[in-house]
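This briefing introduces selected features of the structure shown below. Readers are invited to locate each element as it is named.

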Amino acid sequence: MSSFGYLVKEGFKNLFHNRLMSLASIGVLVSCLVLTGSAVMLTINVSSIVDSVGDTNVTKVFLDDNLTKLEAVYKGKEIKDIDNVSDVQFIDKDESIEAYREQLGEEVFANMTGDDNPLPYSYSVVMEDLSKYDETVAKIKEVEGVASVSSHREVAAKLTSLSSFITTMSLWIILALAVISLFIISNTIRMTMFSHRFEISIMKSVGATNAFVRVPFIIEGVIIGLVSAAISIGLLFILSDAIIKSVQKILDFPYVQFTQVMWPIIGAFVAAGVLVGIFGSMVSIRRYLTHEGNEILGW
Amino acid sequence: MIEFKNVSKVYESNGVHALDHVSLKIDKGEFVFIVGASGAGKSTFLKLIMREETPTSGQIIVNDMHLENMKRRKVPYLRRTMGIVFQDFRLISKMTVYENVAFAMRCVGKKNDSIKKRVPYILELVGLADKADDHPSELSGGEQQRVSLARALVNNPEMIIADEPTGNIDPEMSYEIIELLSEINKRGTTVLVVTHEHELVKSFGKRVIAIDDGRVVSDSDDDKFVAI
């Protein structure tokens with residue numbers, strides 16, 4: 001396999017010879033992969049959030065601001081009498097503000113006590129049968145004095161639709177970037193081949209097979225792919241870690257870390273990088289090597 | 001061995017009749033000069049032998065292989081039976097003399113061991129053993145052509161094809177190069193030299209085939225001359 005070692009060395013040399021184009025190829029491929037990875041991480045996390053909140057069967061019912069505490073407590077009975085409501089729990093507005101204060105820090109809510117409390121009285125409602133969720137919510141809303149109903153389920157639904165929107169968007173961007181990176185890689189390789197056309201003419205004159213002529217250029221493409229995959233994995237690790245940490249401060253959920261799902265992603269990145277590299281180089285080589293009639297004497 | 005049977009070549013792109021019903025035969029072990037003015041069809045003749053071009057009609061047999069219907073993937077194996085020497089030497093400037101010659105062996109997948117044995121032997125043969133580590137730019141034209149010849153020889157071809165080998169070097173050096181080719185021919189390798197230097201050709205007294213306007217107009221080996 002001594003000639004294979006030689007060919008690999010030639011592949012590396014080509015890469016350095018065309019630094020600028022190689023960097024451009026790597027840059028585009030990295031953006032493509034990081035975007036794909038981010039979309040994957042987003043989808044994984046959103047579905048994990050959706051799963052975890054979907055399980056907690058608690059709906060929050062907010063009452064009108066102007067109700068007194070006594071009126072508010074009476075509303076609880078009305079809500080409990082609705083079909084499918086199995087349990088209601090009254091939440092004092094003082095309790096609510098206390099919960100916010102704990103989550104978000106003292107200063108902001110320091111003065112919001114007693115009559116200055118802007119929050120309404122509310123109830124936590126538990127339902128018997130979640131499949132009747134929508135009609136039950138509609139009935140709760142009919143109760144006089146109920147301002148709004150919110151549940152994690154709605155948040156979950158919004159998140160799911162947001163994530164599918166982002167996924168579709170990024171799918172198109174990824175597709176465009178994939179085409180661009182193929183194009184740039186094949187151009188990089190074509191430039192390398194052009195600058196090596198003299199050597200190639202000599203190789204052909206002494207009887208090198210097309211496969212032999214090809215190998216260094218394919219290796220160049222594969223190196224571009226592998227380097228891009230490595231950079232993308234690093235970037236994605238740093239990015240998702242930073243984003244999850246900052247989101248966690250606002251919304252505390254058991255987020256899926258990059259390290260928990262990294263092996264399939266790494267595998268896919270490496271495969272994608274190598275495939276794009278091979279495919280990109282094959283395109284340009286094919287066009288070059290089928291150029292007949294002038295491969296030796298008229299290079 | 002080269003055999004052309006009624007070979008014509010018309011370039012589709014410009015309609016030029018480069019070769020017109022050429023028939024000739026060069027046997028194994030012969031030394032042949034091909035002479036003719038530029039545009040006479042010498043280049044086309046060489047391109048057909050190397051299977052860079054295919055004939056429009058007729059048959060070409062080189063080293064027992066039929067070229068007119070040869071598959072593309074077989075072409076490298078045809079080329080391995082011939083060593084090509086160019087007018088402009090075609091040496092890779094960033095490689096040393098040794099590496100230039102070794103390159104030809106790498107291209108056909110030879111192992112490092114055999115490269116290490118074979119290259120010094122060939123360099124000795126062309127008289128460049130002491131220049132192995134020089135770069136082509138440090139050599140004279142004659143020396144560069146000898147490197148080119150060493151590269152053509154290193155894979156032990158049945159035939160050497162030299163395209164105007166003396167075109168870019170001094171007249172004294174030219175004799176040296178033809179002398180060397182003649183030496184190689186004595187060891188059994190067929191040699192084909194394309195040139196327009198009639199003086200040089202005359203002084204060696206070898207077989208001369210003249211091409212003009214796409215036809216073979218004379219062949220010093222009369223038995224094989226088939227005029228049309």
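In this description, helices are DSSP runs of at least four residues, labelled H and numbered from the N terminus. The model is predicted. The points below concern a helix of chain A, the strand pairs of chain A, and a sheet of chain B with a helix across it.

**Helix H8 of chain A**
- Helix H8 of chain A spans residues 197-205, and just after H8(A), Gly207(A) adopts a positive phi of about 95 degrees.
- Within H8(A), the buried residues are Glu199(A), Ile202(A), Met203(A), Lys204(A) and Ser205(A).
- The cover over these buried residues includes helix H9 (210-250) of chain A. It also includes elements of chain B, namely helix H2 (75-79), strand E6 (82-85) and helix H3 (97-107).

**Strand pairs in chain A**
- Strand E1 (residues 59-63) of chain A runs antiparallel to strand E3 (residues 122-127) of chain A, and four bridges join them.
- Across this pair, Lys60(A) faces Ser124(A) of E3(A).
- Strand E2 (residues 85-91) of chain A is also antiparallel to E3(A), with six bridges between them.
- Asp87(A) has Val126(A) in E3(A) as its bridge partner.

**The sheet of chain B**
- Four strands of chain B form an open sheet with antiparallel pairing, in the order E2-E1-E4-E5.
- Strand E2 (17-26) and strand E5 (65-66) of chain B are the edge strands, each pairing on one side only.
- Five bridges link strand E1 (residues 2-10) of chain B with strand E4 (residues 57-62) of chain B in the antiparallel sense.
- Ser8(B) has Ser57(B) in E4(B) as its bridge partner.
- Helix H1 (residues 42-49) of chain B lies across E1, E2 and E4 of chain B, at about 120 degrees to E1(B).

Key: Residues numbered from 1 in each chain as written. Chains lettered and ligands numbered in written order. Predicted model: local features only at pLDDT ≥ 70, side-chain atom pairs only at ≥ 80, totals over all residues. Buried ≥ 20, exposed ≤ 12 C-beta atoms within 10 Å, placed from the backbone. Helix = DSSP H or I, 4+ residues; strand = E, 2+ residues; numbered from the N terminus. Contact = placed C-beta atoms within 7 Å. Pairing = 2+ DSSP bridges. Axes fitted to C-alpha atoms, helices over the stretch in contact; angles between N-to-C directions.
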